[in-house]
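Dear colleague,

I am passing on the structure below for you to look over. My notes on what was found in it follow directly after.

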Amino acid sequence: MARHELSDAILVKNYVEGDENALATLIERHKAKIYGFIYSKIQDRDICEDVFQDTFVKVIKNLKKKSYNEEGKFLPWVMRIAHNLVIDYFRKSKKMPMQRDTEEYSIFSLISDNSPNIESRIITEQVELDLSRIIEELPEDQKEVLKMRIYQDLSFKEIADLTGVSINTALGRMRYAVLNLRKVIEKNQIVLTN
């Protein structure tokens, strides 16, 4: 059977057993989708190339350590790695949408003027910090879906593909994340107004 007809799972198995060309086939097969995903978030070709290469360096390390056990879900697994590296890039370059000092979107750009005074900037940063802290307290699966939906503007179909779950599961996780956020915010509101 020609290599390009083999399933991802067989190619992964062959690569782990020493067939270096199996990985080349996997990369070629999924390159457009993975690179396209990274580019849709970063939109800088040089940085995309770096993140794309880092993604496959991580893939190779995990496969060599035999820590891959995704049972035929190679693409969603690689997309999760790419997604995490994109987040790392934004953290390192301080371009996360929640950062006040970037050109990125902020909820407060809708309700404040373009030159906030120091007091309103401090309040804004504190609220964003509080929100970020509350999000971090959510269960891992809910936090992941919430961040992908809000900060990366992914569709529920994309989220489902990346996390390897059904669209209904992704929707459910988002619903519970919002409910849990609301509960925590309402509970803390008492503290905030005192």
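D44 sits in the loop that joins α2 (20–42) to α3 (45–64), and because its relative accessibility is 30%, D44 counts as partly exposed. Please bear in mind that this is a predicted model. On the surface, D44 belongs to a patch of negative charge, in which D46, E49, D50 and D54 also gather.

The loop between α2 and α3 also holds Q43, whose phi is positive, at about 55°, although Q43 is not a glycine. Most residues other than glycine have a negative phi, which is the reason for pointing this residue out to you. With a relative accessible area of 55%, Q43 lies above the 50% cut-off and is therefore exposed.

A patch of the positive kind is found on the surface as well, formed by K58, K61, K65 and K92. Of these residues, K65 is located in the loop between α3 and α4 (74–93), and K65 is exposed, its relative accessible area being 62%.

Turning to helix α7, which spans residues 156–163, the buried residues there are F156, I159, A160, L162 and T163. When one looks down the axis of α7, these buried residues fall within an arc of 170°, so they line one face of the helix. An α-helix has 3.6 residues a turn, so residues three or four places apart point the same way. Just after α7 comes G164, which takes a positive phi of about 75°.

With best wishes

Methods: Residues numbered from 1 in each chain as written. Predicted model: local features only at pLDDT ≥ 70, side-chain atom pairs only at ≥ 80, totals over all residues. Heavy atoms only, no water. Buried < 20%, exposed > 50% of the residue type's maximum accessible area, 1.4 Å probe, protein only. Helix = DSSP H or I, 4+ residues; strand = E, 2+ residues; numbered from the N terminus. Arc of directions from axis to C-beta. Patch = residues over 30% accessible without salt bridge, like charges linked within 9 Å, V, L, I, M, F, W, Y side chains within 5 Å. Areas by Shrake-Rupley, 256 points an atom, 1.4 Å probe, with all protein chains shown as cover. Salt bridge = Lys/Arg side-chain N within 4 Å of Asp/Glu carboxyl O. Lys, Arg positive; Asp, Glu negative; His and termini not counted. Charge placed at Lys NZ, Arg CZ, Asp CG, Glu CD.
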